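Biologist: Could you take one strand of this protein and walk me slowly through its surroundings, explaining each term as you go? I would like to see how a single part fits into the whole.

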Amino acid sequence: MKKIEAIIKPFLADDVREALATIGISGLTVTEVKGFGRQKGHTELYRGAEYMVDFLPKVKLELIIPEAQVDQCVDTIIQAARTGKIGDGKIFVTPVEKIIRIRTGETDKDAI
């Protein structure tokens, strides 16, 4: 099992979810996050004062999938989330040691 975390632009979250559904991936967790990297943020004007917005809004998608689907899942996220501009995001793939469904006690593949 692998965990895929994708940090993407917020307006692309629905497109990525729909693209993942077409390859049979239906379960994921979405979190609104803020961060900065090469985008560096931007300045805004509020009540006549200019201030720097360092942290930009992003969306973090988290999925747990079988190892055999990792490459297809990553490729699908890239195709749906790529705009070609700075700030498109990042994808992290990490191993998952154990999964337990709280309600039933099922573990690993049965718990997905």
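Modeller: Let us take β1, which pairs with β5 in the antiparallel sense over seven bridges. Two strands are said to pair if DSSP finds at least two bridges between them, and the elements themselves are DSSP runs numbered from the N terminus, helices being H or I runs of at least four residues and strands E runs of at least two. Before going further, please note that this is a predicted model, in which local features need pLDDT of at least 70 and side-chain atom pairs count only at pLDDT 80 or more, while totals for chains, interfaces and linings use all residues. Residues are numbered from 1 along each chain as its sequence is written, and side-chain values use heavy atoms, with hydrogens and water left out.

Two places along this pairing can be found by eye: Lys 3 stands opposite Ile 64 in β5, and Ile 4 stands opposite Leu 63 of that strand. The neighbours Lys 3 and Ile 4 are a good place to recall a rule about strands. In a regular strand the side chains alternate between the two faces of the sheet.

β1 also has a partner in β6, to which six bridges join it, and these two strands likewise run antiparallel. One position to look for on this side is Ala 6, whose bridge partner in β6 is Ile 91. Stepping back, we find an open sheet of four strands in the order β2-β5-β1-β6, with antiparallel pairing. Its edge strands, each pairing on one side only, are β2 (29–35) and β6 (90–95). From one strand to the next the twist averages 25°. The protein as a whole has two helices and six strands, which follow one another along the sequence as β-α-β-β-β-β-α-β.

How far is β1 covered? It is mostly covered, with five of its seven residues buried, where buried means under 20% relative accessible area, exposed means over 50%, and partly exposed lies in between (1.4 Å probe, protein chains only). For the protein, 30% of the 112 residues count as buried.

Part of the cover comes into view when we turn to α2, a helix that lies across β1, β5 and β6 and runs at about 5° to β1; such angles run from 0 to 180 degrees between N-to-C directions, with axes fitted as lines to C-alpha atoms, for helices over the stretch in contact.

These elements meet again in the largest nonpolar core (a set of buried Ala, Val, Leu, Ile, Met, Phe, Trp, Tyr and Cys residues joined through side-chain atoms within 4.5 Å). It holds 18 residues, and those touching the most other members are Ile 8, Val 16, Leu 63, Cys 73 and Ile 77. Two or more core residues come from each of β1 (2–8), α1 (13–22), β5 (56–65) and α2 (70–81). The largest share, six residues, is given by α2.

Cys 73 shows well how distant parts of the sequence come together here. Setting aside neighbours within four places in sequence, Cys 73 is in contact (heavy atoms within 4.5 Å) with Ile 4, Leu 20, Ile 23, Ile 25, Leu 63 and Ile 65. Two of these names, Ile 4 and Leu 63, are already familiar as residues that stand opposite each other in the pairing of β1 with β5.

What can be said of Ala 19, in helix α1? At 18% relative accessibility, Ala 19 counts as buried, and, leaving out neighbours within four places, it is in contact with Thr 76 and Ala 80. The C-alpha atoms of Ala 19 and Cys 73 are separated by 9.3 Å, although the two residues are 54 residues apart along the chain. Over the whole protein, residues 24 or more positions apart account for 69% of the contacts with a separation of 6 or more.

Finally, we can follow the chain past β6, the partner of β1, into the segment after it, where Ile 100 lies. Ile 100 is exposed, with a relative accessible area of 53%, and touches Gly 105, Glu 106, Thr 107 and Ala 111, not counting residues up to four places away. The C-alpha atoms of Ile 100 and Asp 110, which are 10 residues apart along the chain, are separated by 8.7 Å.

Asp 108 is also found in the segment after β6, and is partly exposed, with a relative accessible area of 29%. Its phi is near 50°, a positive value in a residue other than glycine. Most residues other than glycine have a negative phi.
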